[in-house]
Amino acid sequence: DLDQVTLLRCAMKKITIIFIILILSAAFTFLFAGCNPSTQPSDIVNSYDLSLSYDKNSHTLSGGMRFYFVNECEEEISFLLFNLHANAYREGASYPAVAKEYSSSAYPNGKSYGNISITSVKTDDSALNYEICGEDENLLKVHLSAPLEQGNNVTVEIMYSVKLANVRHRLGYTNRSVNLGNFYPILCYMENNAFCEYPYYNLGDPFVSECANYNVTLICPESYHVAHSGSKISEQKNQDGTTTYKFKADTVRDFALALSENYKVLSGTADNTTINYYYFADSKAESTLELICRALITYNELFGNYPYTDYCVAETDFCYGGMEYPQLVFISSGLVREQYVSTVLHETAHQWWYGIVGNNQISSAWMDEGLSEYSVMLFYKKNPDYGDFDTKLKAAYKSYKLFYDVIKDYNKNFDTSLERLPDKYENFNTYMYLNYTKAMLMFDSLCQTMGERPFLSALKKYCSQYKYTVADKADMINCFEKSFGANLSVWFDKWLGNEAIIG
């Protein structure tokens, strides 16, 4: 019967299609089984609500903070510990914020001091006991009224004021700009169910923090333009000559601002991100905006898409080349053009390496600094109109070799290892050459060893798998090993230790 044959063929066709779908489904399940899902923004539970007011006459930032905290530890917690980074600017600090090599550049008008003062701490309208502690008055310990069990939450309100120093640094003011980085009490990083305590080392970036959500209100004189982390929600002029800004930043490690009465602003877009460039001395501002856009597009392609809708770059008075914050970077106004370009590229790369994927910048600075430096090289390789990859790489090898040979002439036991605290390096120059240049050359060597395609595949895996977390070296190495298909632990040990020969 023809109809029966037709029905049988249709039935067999349906069975075949269903079988193929089942096979494909099983294949996808197999491929992605065992991959750790990346943390999503909805998983971020801690939040900071900051209310700030800046007085330009006294150079004082007055603030209140409501911090919402959920105990995700396996043990109960009886206190919260916050970093008070602003106290590194006070007179007599054991760990002053500015490295001595940069003192004259940071303080062109002579030494100046600042600090943070805590005025009250409470929860549910009840005062809480607190103490300023740490090696260098760098910690705020808030004693909870009752132990906080796993899964439970508490909201702590902290009132404080920050006196700014006249300094060209992360936190301070000059006659052209106000830098507000690391100004508020921020929860210390937790590891193995305990808070980590670090002083404010002035070598490198003495910071490590988990992602949180931020709602920030800033009142400042209406003459200021404000570069910011996060997204600007509103801007309202007040009758008293001030402006009230509201910002929101979800799933970021930190929050910073840069203010200036001299700012001009250029805006552009790169893929799905709005870019705002704040500048006051850059004579090639249009070219800089184009560079920022090109950098974001290139890094999106190389590492994975930038997950935020806004990115601000702020030219500012700063004694170092630049400084990275989530969705905001500082670029020093004192750089020559070639340095300005490379600094923009380096700090933008930090949006991935430190921003999206965190790490302990104190003990493992090579993870974000070295990788950001090599990201700059990869940018040049993709965009040769900005610089020649081979020429710049050869110059880096030559520079490191010269540095190493000179040091070895008078210090036969010179230590080139990378996994150590900042105070274990001989000086600022050594710290920079090892964590920036040597680490960058390590990633170049790894790229040559693996091949560019597996190397970039590993970086995308690393970014996707550990986004919004604080990764360690084992996490990074694991991604490279999976992409390469071979064990790399001995290779990394040699480079991170004192055995790698570069030349």
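Strand β2 (60-70) gives the second largest pocket the largest share of its lining, 3 residues; strands here are DSSP runs of E with at least two residues, helices are runs of H or I with at least four, and both are numbered from the N terminus. Strands β11 (186-187) and β12 (190-191) also supply at least two lining residues each. N46, E72, Y189, M190 and E210 sit closest to the centre of this second pocket.

Keep in mind that this is a predicted model, where local features need pLDDT of at least 70, side-chain atom pairs need 80 or more, and totals for chains, interfaces and linings use all residues. Numbering runs from 1 along each chain as its sequence is written, and side-chain values use heavy atoms, without hydrogens and water.

Here are the two pockets together.

| Pocket | Volume | Lining residues | Nonpolar / polar / charged |
|---|---|---|---|
| Largest | about 1200 Å³ | 42 residues | 19 / 14 / 9 |
| Second largest | about 640 Å³ | 26 residues | 16 / 6 / 4 |

A pocket is an open set of points on a 1 Å grid over the protein atoms alone, where a 1.4 Å probe fits, with protein on both sides within 12 Å along at least five of seven lines; lining residues have an atom within 4 Å of a point. Volume is the space filled by probe spheres set on points joined across faces, edges and corners. Nonpolar covers Ala, Val, Leu, Ile, Met, Phe, Trp, Tyr, Cys and Pro, charged covers Asp, Glu, Lys and Arg, and the others, Gly among them, are polar.

In the largest pocket, α7 (428-450) brings the largest share of the lining, 8 residues. S342, T343, E373, M432 and Y436 lie nearest its centre.
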